[in-house]
Every structure is written in structure tokens, then in C-alpha cells.
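Visitor: I am new to this structure and would like a close look at a single part of it. Please take me through the sheet and what lies around it.

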Amino acid sequence: MIIREAKAEDWATIWLFFHQIVKAQETFAFEPDLNEEDARALWMVKPPGLTVVAMSDDGQFILGSASMYPNRSGPGAHVSSASFMVDEQHSGKGVGRALVEYALNWAKSQGFSAMQFNAVVESNVYAIRLYENLGFKIVGTVPDAFRHPREGLVSLHIMHRVL
């Protein structure tokens, strides 16, 4: 797998799985009818953030993407955050792990002291397990903060890891 900075021309492929994931309303608190222009502005972050893609070994296919950035501005800018999306066709193949590890290394290299995820849906058990395996801890839980399409109201976890 190759992870590289996302290029403008990658967006068309990212949008295909981004749109499916957001429309499913299972893991991201984005409007399900988010239009492509607004989605691109959200995902394709500008410096000091970075958006990357995970490519197949031969560089032919985009498997997933990550968007990394300061969690907050000003006095909170020393803590990073990130979001990850893996094309459903490639889930369970280590793409998510590779993207999270890349984001952690990027954040450390940029001088961030920690990484924090503000809204990890409690029913997203695979992501939670991955994050915990990579050293994140649940530091808070907001009850019934996410409306899941099948499970109803579920909690959102705040997860944190020192770099």
C-alpha cells in the first residue's frame, strides 16, 4: 500500500466512497445530503492540515483517505485530529490501520503533542478497537449524541492519545 498526499484529481474517486459513507449515516455526523462542493471543502484540507490517499501497491486504485488537521485553533492548536474513510470494497484489509498510523506519524512530525477524535460513534466498534489498539483512550462519552439509522440514539466517544 502506498500513502501519498491527495491531489486535486483524486477527489472524484474519494467522493464516490465519501458520499456513500456519509449517506449511510452510521459513522460521520455530516449532513447525509452534503453536496460535493461542500464535501470537498470539508475533506480536502489546506495547510497546516493534510489530506492523503491510500493507494493499491501498483498505484492504480484509491483504497481510502485521511484528512488531518489541528483539532482546534489558537490555544488548542497543539492537539491534532483526523478523519478516516475507507472504500467499503477495501475494508478489513488494513487500510484504516495504515491511514491512522500515517496520521499519527504526520502529527508527531508536525509538532503536535496529542491526537484527539471528538466524535467516534460508539457503534463503530471496528474503529474503536483499532484506535484503542493504537493507544487511544476513551476520555469522555456524550450519551445519545448520534442518531444511527438502525440503532437509534447512540453515544459519541471522545478519544485521545499523547504522541
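Visitor: To begin with one position, which residue in E4 does serine 65 stand opposite?

Guide: Serine 65 stands opposite methionine 85 in strand E4. This is a predicted model, and the pair is a good place to start on the sheet. Strand E3 covers residues 62–70 and strand E4 covers residues 79–86. The two are joined by seven bridges and run antiparallel.

From there the view can widen to the whole sheet. It is open and has seven strands, in the order E1-E2-E3-E4-E5-E7-E6, with mixed pairing. Strand E1 (2–5) and strand E6 form the edges, each pairing on one side only. From one strand to the next, the twist averages 25°. As a general point, strands of a sheet pair through backbone hydrogen bonds, in either the parallel or the antiparallel sense.

The next step along the order is from E4 to strand E5, residues 114–121. Here the pairing is parallel, over two bridges. In one of the pairs, valine 79 has alanine 114 of E5 as its bridge partner. Helix H3 (residues 95–109) belongs with these two strands: E4, H3 and E5 make a right-handed β-α-β unit.

E5 itself is mostly covered, with six of its eight residues buried. On E5 there is also a pairing with strand E7 (residues 152–162), which is antiparallel and has six bridges. Within it, valine 120 has histidine 157 of E7 as its bridge partner.

Several of these elements also take part in the largest pocket, which has a volume of about 1,500 Å³. Its lining counts 46 residues, and those nearest the centre are Thr27, Phe28, Phe84, Asn124 and Ala127. Strands E3, E4, E5 and E6 (137–148) are among the elements that give two or more residues to this lining. The helices that do so are H1 (11–24), H2 (36–43), H3 and H4 (125–133). E4 provides the largest share of the lining, six residues. Sorted by class, the residues lining the pocket are 26 nonpolar, 14 polar and six charged.

To return to the start, E4 is the strand where methionine 85 stands opposite serine 65. E4 pairs with E3 in the antiparallel sense and with E5 in the parallel sense, and the strand also contributes six residues to the lining of the largest pocket.

Technical notes
Residues are numbered from 1 along each chain as its sequence is written. This is a predicted model: local features need pLDDT of at least 70, side-chain atom pairs count only at pLDDT 80 or more; totals for chains, interfaces and linings use all residues. Side-chain values use heavy atoms; hydrogens and water are left out. Buried means under 20% relative accessible area, exposed over 50%, partly exposed in between (1.4 Å probe, protein chains only). Helices (H or I, at least four residues) and strands (E, at least two) are DSSP runs, numbered from the N terminus. Two strands pair if DSSP finds at least two bridges between them. A crossover is right-handed if, with the strands pointing away from the viewer, the path from the first strand over the helix to the second runs clockwise. On a 1 Å grid over the protein atoms alone, a cavity is a set of points where a 1.4 Å probe fits but cannot get out, and a pocket is an open set with protein on both sides within 12 Å along at least five of seven lines; lining residues have an atom within 4 Å of a point. Grid points are joined across faces, edges and corners, and a volume is the space filled by probe spheres set on the points. Ala, Val, Leu, Ile, Met, Phe, Trp, Tyr, Cys and Pro count as nonpolar, Asp, Glu, Lys and Arg as charged, and the others, Gly among them, as polar. Axes are lines fitted to C-alpha atoms, for helices over the stretch in contact, and angles run from 0 to 180 degrees between N-to-C directions.
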